[in-house]
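This report goes through the fold of one protein chain, from its sheet to its helices and ring contacts. The sequence and the model are shown first.

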Amino acid sequence: NMRRYIFLHPDWHNELHDDCVIDGFADVFLDLAGDLSRKIFVKDMLAQAMSSSQGPRFGYNLKQYSVKSRDRQDSLPQDELSKQIAMAWANILRNKNESLKPRQGLYDVMDTYPDSAEASAICDGMGSPMDHVCDALAAEFRARHGPEAFPVAHDDSETLKIMTN
């Protein structure tokens, strides 16, 4: 059953070719409506299926994470999951020659779901590994809004008033 064990389906990456980014650190399943969205796999086995608004929107297969418990189900601490998500995106967005789809997807999720696990992981990420993630998101912002656009927080009405007057 692909819902619990990815390794039982050796051709899964062919079926998901446009909706999956395969990386040595983690695979990210980009289809927000797909069967693998909002699920966390560790080494091809389901570890968590999340439905809260603070959970991940994409699906992830964490290839480098070591589970401490024999029972993988619901075994990832939230802080560790956040680190794994941040590192997955840091690895995926490091390659500037890749498709723009991952960058666009991450931007959309952070814009639409500001309390998602992806938004928290990227915002809480520390140090230089996250620099190119921020650069990629800034490039996506400029691509959508033009090179002269300036981002304003949704609740920053005073700055918005100054800029639009």
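A residue is called buried here if its relative accessible area is under 20%, and exposed if that area is over 50%. The model is predicted, not experimental.

**Overall make-up**

By that cut-off, 40% of the 165 residues of the protein chain count as buried. The secondary structure comes to six helices and five strands. Read from the N terminus, the elements follow the order α-β-β-β-β-β-α-α-α-α-α. Among contacts between residues at least 6 apart in sequence, 59% join residues at least 24 apart.

**The sheet**

The five strands form an open sheet with mixed pairing, in the order S1-S2-S5-S3-S4. Strand S1 (20–21) and S4 are the edge strands, each pairing on one side only.

S3 has a partner on either side in that order. S3 and S5 run parallel and are joined by three bridges. S3 and S4 run antiparallel, with four bridges between them. The hairpin of S3 and S4 has two residues between the strands, and in this hairpin Lys43 takes a positive phi near 50°.

Individual residues of S3 can be placed against these neighbours. Val42 has Leu62 of S5 as its bridge partner. Phe41 has Leu46 of S4 as its bridge partner, and stands opposite Asn61 in S5. Which residues of S3 point one way, and which the other? Lys39 and Phe41 point one way, Ile40 and Val42 point the other way, and all of these are buried.

**Ring contacts**

The structure holds two aromatic pairs. Their geometry is as follows.

| Pair | Centre to centre | Angle between planes | Type |
|---|---|---|---|
| Phe29 and Phe41 | 6.3 Å | 80° | edge-to-face |
| Phe58 and Trp89 | 5.5 Å | 55° | tilted |

The Phe29 and Phe41 pair links distant parts of the chain: Phe29 is in strand S2 (residues 26–29) and Phe41 in strand S3 (residues 39–42), 12 residues apart. Phe29 counts as buried because its relative accessibility is 3%. Phe41 also counts as buried, at 0% relative accessibility.

The Phe58 and Trp89 pair also links distant parts of the chain, 31 residues apart. Phe58 lies in the loop between strand S4 (45–49) and strand S5 (59–62), whereas Trp89 belongs to helix H2 (residues 78–92). Both Phe58 and Trp89 are buried.

A further ring contact involves a charge. The charged end of Arg57 sits over the ring of Tyr113, 3.8 Å from the ring centre.

**Gly55 in the loop between S4 and S5**

Is Gly55, in the loop between S4 and S5, buried or exposed? Its relative accessible area is 1%, so Gly55 is buried. Leaving aside neighbours within four places in sequence, Gly55 is in contact with Arg38, Met50, Ser116, Ala117 and Glu118. The C-alpha atoms of Gly55 and Leu81 are separated by 9.8 Å, with their positions 26 residues apart along the chain.

**Helix packing**

Two packed helices are described by the angle between their axes and the distance between the axes.

Helix H4 (residues 117–124) has Ala117, Glu118, Ala119, Ala121 and Ile122 as its buried residues. What covers these buried residues of H4? The cover includes S5, H2, H3 and H5.

For H2 and H4, the axes come within 8 Å and cross at roughly 80°. H2 is therefore roughly perpendicular to H4. From H2, the contact is made by Ser82, Ile85, Ala86 and Trp89; from H4, by Ala117, Glu118, Ser120, Ala121 and Ile122. Two residues met above return in this contact: Trp89, a member of the tilted ring pair, and Ala117, a contact of Gly55.

Helix H3 (residues 101–112) packs with helix H5 (residues 131–145) at an angle of about 85°, and their axes are 10 Å apart. That angle makes H3 roughly perpendicular to H5. On the H3 side, the residues that meet H5 are Arg103, Gln104, Leu106, Tyr107, Asp108 and Met110. Their counterparts in H5 are Val133, Ala136, Leu137, Ala139, Glu140, Phe141, Ala143, Arg144 and His145.

Definitions and conventions. Residues are numbered from 1 along each chain as its sequence is written. This is a predicted model: local features need pLDDT of at least 70, side-chain atom pairs count only at pLDDT 80 or more; totals for chains, interfaces and linings use all residues. Side-chain values use heavy atoms; hydrogens and water are left out. Rings of Phe, Tyr and Trp (its six-membered ring) pair if their centres lie within 6.5 Å; planes under 30 degrees apart count as stacked, over 60 as edge-to-face and the rest as tilted. Buried means under 20% relative accessible area, exposed over 50%, partly exposed in between (1.4 Å probe, protein chains only). A charge sits over a ring if NZ of Lys or CZ of Arg is within 6 Å of the ring centre and within 35 degrees of the ring normal. Two strands pair if DSSP finds at least two bridges between them. Axes are lines fitted to C-alpha atoms, for helices over the stretch in contact, and angles run from 0 to 180 degrees between N-to-C directions. Angles under 35 degrees count as roughly parallel, over 145 as roughly antiparallel, 65 to 115 as roughly perpendicular and the rest as oblique. Contact means heavy atoms within 4.5 Å.
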